[in-house]
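This report sets out selected features of one protein model. Please keep the sequence and the structure in view while reading.

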Amino acid sequence: MKIICVGRNYAEHAKELNNALPTEPVLFMKPDSALLRKGEPFFYPNFSENIHYETEIVFRIKKIGRHIDAKFAHKYFAEYTIGIDFTARDLQDKQKSKGLPWEISKAFDQSAVVGDFLPLTGVDVHNISFHLVKNGEIVQKGNTANMIFPIEKVIEYSSQFFTLKIGDLFFTGTPEGVGKISIGDRLEGFAGDVKVFDVVVK
Ligand code: MG
């Protein structure tokens, strides 16, 4: 199982990090060892002093495929949830400044929070609202309507390079409002009004 992530998929977030708007999806991956197991706390790693939450819609692939046309992409997923793409921003800035790959800042252990999956039946994929609550306050809000590349386009683009397999996950990018976490924080993710994860930082 692999986790394919999209960077800079919301214009306002690209702006807040001073990144140009992409003309094609920006992809990177996390290994399966990056998954935070349900019920486990997130242990703040000692290699970073600036871990950020990035709240994102996550889709799960249900069918194997490659070279998938965007118009058939909806046949490849039927469930979604909210996740966090934890990012060691200090390491990422360092890697970016040297033109080096991001992996150590993005793909480390526990860097992928994945909530409980919800069926897409009756849900408009292009109008899903989601938010993150940190210590009881809403800190980040998004809606899939604001994605630069919708999930169908992301699947079309990714599947030219990578065969998609059952259980693969897509993290589809974060809206604006990313921020720092600290030891002791509680992070709760919501799809609409449904709480899908609850993680404590230790
Ligand atoms: Mg992200």
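## Nonpolar core

Which residues of the largest nonpolar core touch the most other members? The model is a predicted one, and in it Phe42, Phe86 and Ile155 hold that position among the 42 residues of the core.

Several elements each supply at least two residues of this core: the strands E1, E3 (51-53), E4, E5, E9, E13 and E14 (194-200), together with helix H4 (151-158). The largest share comes from E5, with four residues. As a general background, nonpolar side chains tend to be buried together in soluble globular proteins.

## Magnesium site

The magnesium ion is coordinated by three residues, namely Glu54 and Glu56 through OE and Asp85 through OD, at 2.0 to 2.1 Å. In sequence, these donor residues follow the spacing E-x1-E-x28-D. Glu56 belongs to strand E4 (residues 55-61) and Asp85 to strand E5 (residues 77-85), so this pair ties together parts that lie 29 residues apart in sequence.

Are Glu56 and Asp85 buried or exposed? Both residues are buried. Strand E5, which holds Asp85, is also the element that gives the largest share of the nonpolar core.

## Strand pairing around E9

Strand E9 (residues 129-134) runs antiparallel to strand E10 (residues 137-143), and six bridges join the two. Within this pairing, Phe130 has Gly142 of E10 as its bridge partner. The hairpin of E9 and E10 has two residues between the strands, and Asn135 takes a positive phi near 50° there.

E9 also pairs with strand E13 (residues 186-191), again in the antiparallel sense, over five bridges. Here the bridge partner of Lys134 is Leu187 in E13. Both E9 and E13 are among the elements that each supply at least two residues of the nonpolar core.

## Internal cavity

How many cavities of 30 Å³ or more does the count give? The count comes to one, and the space in the largest cavity is about 110 Å³. Its lining consists of 16 residues, of which Gly7, Arg8, His13, Gln92 and Trp102 are the closest to the centre.

Strand E1 (3-7) and helix H2 (89-97) each supply at least two residues of the lining, and H2 gives the most, with three residues. By class, the lining of the largest cavity contains six charged, six polar and four nonpolar residues. Strand E1 thus appears in two settings: the lining of the largest cavity and the nonpolar core.

Terms used: Residues are numbered from 1 along each chain as its sequence is written. This is a predicted model: local features need pLDDT of at least 70, side-chain atom pairs count only at pLDDT 80 or more; totals for chains, interfaces and linings use all residues. Side-chain values use heavy atoms; hydrogens and water are left out. Donors are N, O and S atoms within 2.8 Å of the metal (3.2 Å for Na, K and Ca); water is not among the atoms, so sites may look incomplete. Buried means under 20% relative accessible area, exposed over 50%, partly exposed in between (1.4 Å probe, protein chains only). Two strands pair if DSSP finds at least two bridges between them. On a 1 Å grid over the protein atoms alone, a cavity is a set of points where a 1.4 Å probe fits but cannot get out, and a pocket is an open set with protein on both sides within 12 Å along at least five of seven lines; lining residues have an atom within 4 Å of a point. Grid points are joined across faces, edges and corners, and a volume is the space filled by probe spheres set on the points. Ala, Val, Leu, Ile, Met, Phe, Trp, Tyr, Cys and Pro count as nonpolar, Asp, Glu, Lys and Arg as charged, and the others, Gly among them, as polar. A nonpolar core is a set of buried Ala, Val, Leu, Ile, Met, Phe, Trp, Tyr and Cys residues joined through side-chain atoms within 4.5 Å.
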